[in-house]
Amino acid sequence: MGIIEENRRLEELDKQYIWHPFTQMKEWLEEKPIIIFEGKDCFIKDIYGRWYLDGVSSLWVNIHGHRKKEIDDAIKKQLDKIAHSTLLGLSNVPAIKLAEKLVQIVQKSLPPHLPFTGNPPTPPLEKGGMGGLCKVFYSDNGSTAVEVALKMAFQYWRHKGVDGKNKFVSLNNAYHGDTMGAVSVGGIDIFHKAFTPLLFKTYKAPSPYCYRCELGKEYPECKFACLDKMEGIFNAHSGKIAALIIEPLIQAAGGMITSPPGYLKGVRELCTKYNILMIADEVATGFGRTGKMFACEHESAAPDIMCLSKGITGGYMPLAVTIATDDIYNAFLGEFKDLKTFFHGHSYTGNPLACAASLACLDLFEKEEVLKSLKKKIEILDTWLKEVLNLKYVGDVRNIGLMAGVELVRNKKTKKPYDWSEKMGWRVAYRARENGVFIRPLGNVIVIMPPLSISDQNLRQLLKVIKDSIVKVTES
Ligand SMILES: *Cc1c(COP(=O)(O)O)cnc(C)c1O
């Protein structure tokens, strides 16, 4: 079979057999799919040999580029030992080493003297305890990391002998994954509303979406009215609230919605004041995306539970962790018969190949001084965003570090959005694709989230293509 026929066959087989996520398959069937065959650095190549700049890090996971030698080698090396064994009743070498490494990194970013866990803010350490986030529970994707966090928080209060703290506070526009618990704490109508009858109810706090403030206020004159709303919920129901869950600094899937400075710190203070656990979902923001290792670090707002996934293996393999404080972990200690065990686990929990990839990924942060190298790139992005804000149909630009969103609007003055059905974001993405850049929008928001390793030159190229695409699509 010639190469062309083989490619045609792959296209047909894809349409015959694959049901793609978050994809209207009727449309997909009418399009020519891009089938990726190979990758290198921040580029991906399709079966016809066309290269694309990977402008969204293969859906927000890639950190050091594709086919990074150190990570490739680490996986190959681990493969010569063992690919998988269980963490249920056994342990494995890479999972142990990675847990230690993660705790070291997290403790450096969010040291234990910061307020953790309720009233009083920093609990007296039990013997052998470290304080801060120090117990690593493995799972295999962001959604499961969130499920674990919710179940931990719920059961923590039970084990503490506190009754009635059964509810969660989540934010409008939040996204925490697609499993039922994660959807229950989600707040994006287009994704989540269809499942309402299946979900548990949560208290919904306002989204810190300053460009379209739900409370009709303007920052900073608002004096954080959204936090006052949150406090209202806490004040009325704290006896029923187990935890608050939040995407720190930026509600990513909700449209790259950045919170104003001081907001996250305010959330931490409220959680402490009302004795509510704070769960930080750093699945998207973790591992350098925001310019610091973790988003919470920007405001020294240490959560009681932290969820990490996406970048954890540098975008190589599915892996996630939920990291909890000593205090939470200790609440689950008891005699076998007490049934205080945390009854949760997945088949691939702590997968050795994934953990080996993650260790190599984390070593690269040190070896290549990744966080330092981001400064210049963030400046380039900041400058570009300011320029783009002058375009006729760009309403708002938002970023924290190398996570950015450009919100397109039909009318800049009234902020009237393009109708969902106009697919404005998609039209820009298709245009960019024709010019060798792969991006995936969120409604009217163009998402820019390249691998952290992107060169200054490639970043400029990416931004140029995106800007040209926005201009071409919106102004003609
Ligand atoms: C992507 C994401 C998730 C879900 O992760 P999956 O690996 O896709 O299940 C959860 N929370 C946030 C903030 C995310 O961006």
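**View A. Cys 42 and Cys 307, two cysteines without a disulfide partner.** In this predicted model, Cys 42 can't form a disulfide because its sulfur sits 16 Å from the closest cysteine sulfur, that of Cys 361, which is too far for a bond. A pair would have to come within 2.5 Å to count as a disulfide, and by that rule the tally is zero. Cys 307 isn't in a disulfide either: its nearest cysteine sulfur belongs to Cys 296, 10 Å away. Cys 42 is buried, at 2% relative accessible area, and Cys 307 counts as buried too, at 0%.

**View B. The hairpin of β1 and β2.** Here strand β1 (residues 36-40) runs antiparallel to strand β2 (residues 43-46), and four bridges pair them up. Look for Gly 39 across from Ile 44 in β2. Two residues lie between the strands, and in this hairpin Asp 41 takes a positive phi near 50°.

**View C. Who's around the ligand.** The residues around the ligand include Trp 60, Ser 143, Tyr 175, His 176, Glu 247, Asp 281 and Val 283. Sort the shell by character and you get four nonpolar, five polar and three charged residues.

**View D. Ligand oxygens up close.** Lys 310 puts a polar side-chain atom 2.7 Å from a ligand oxygen. Gly 142 uses its backbone instead, with an N or O atom 2.8 Å from an oxygen of the ligand. For Asn 141, a polar side-chain atom is 3.2 Å from a ligand oxygen. On its own the ligand would expose 380 Å², and the protein buries 83% of that.

Definitions and conventions:
Residues are numbered from 1 along each chain as its sequence is written. This is a predicted model: local features need pLDDT of at least 70, side-chain atom pairs count only at pLDDT 80 or more; totals for chains, interfaces and linings use all residues. Side-chain values use heavy atoms; hydrogens and water are left out. Two strands pair if DSSP finds at least two bridges between them. A residue is near a molecule or strand if one of its heavy atoms lies within 4 Å of it. A polar contact is a pair of N or O atoms within 3.5 Å; within protein, one must be able to donate a hydrogen and the other to accept it, and residues adjacent in sequence count only if both atoms are side-chain atoms. Accessible areas come from the Shrake-Rupley method with a 1.4 Å probe; for residues, only the protein chains shown count as cover. Ala, Val, Leu, Ile, Met, Phe, Trp, Tyr, Cys and Pro count as nonpolar, Asp, Glu, Lys and Arg as charged, and the others, Gly among them, as polar. Buried means under 20% relative accessible area, exposed over 50%, partly exposed in between (1.4 Å probe, protein chains only).
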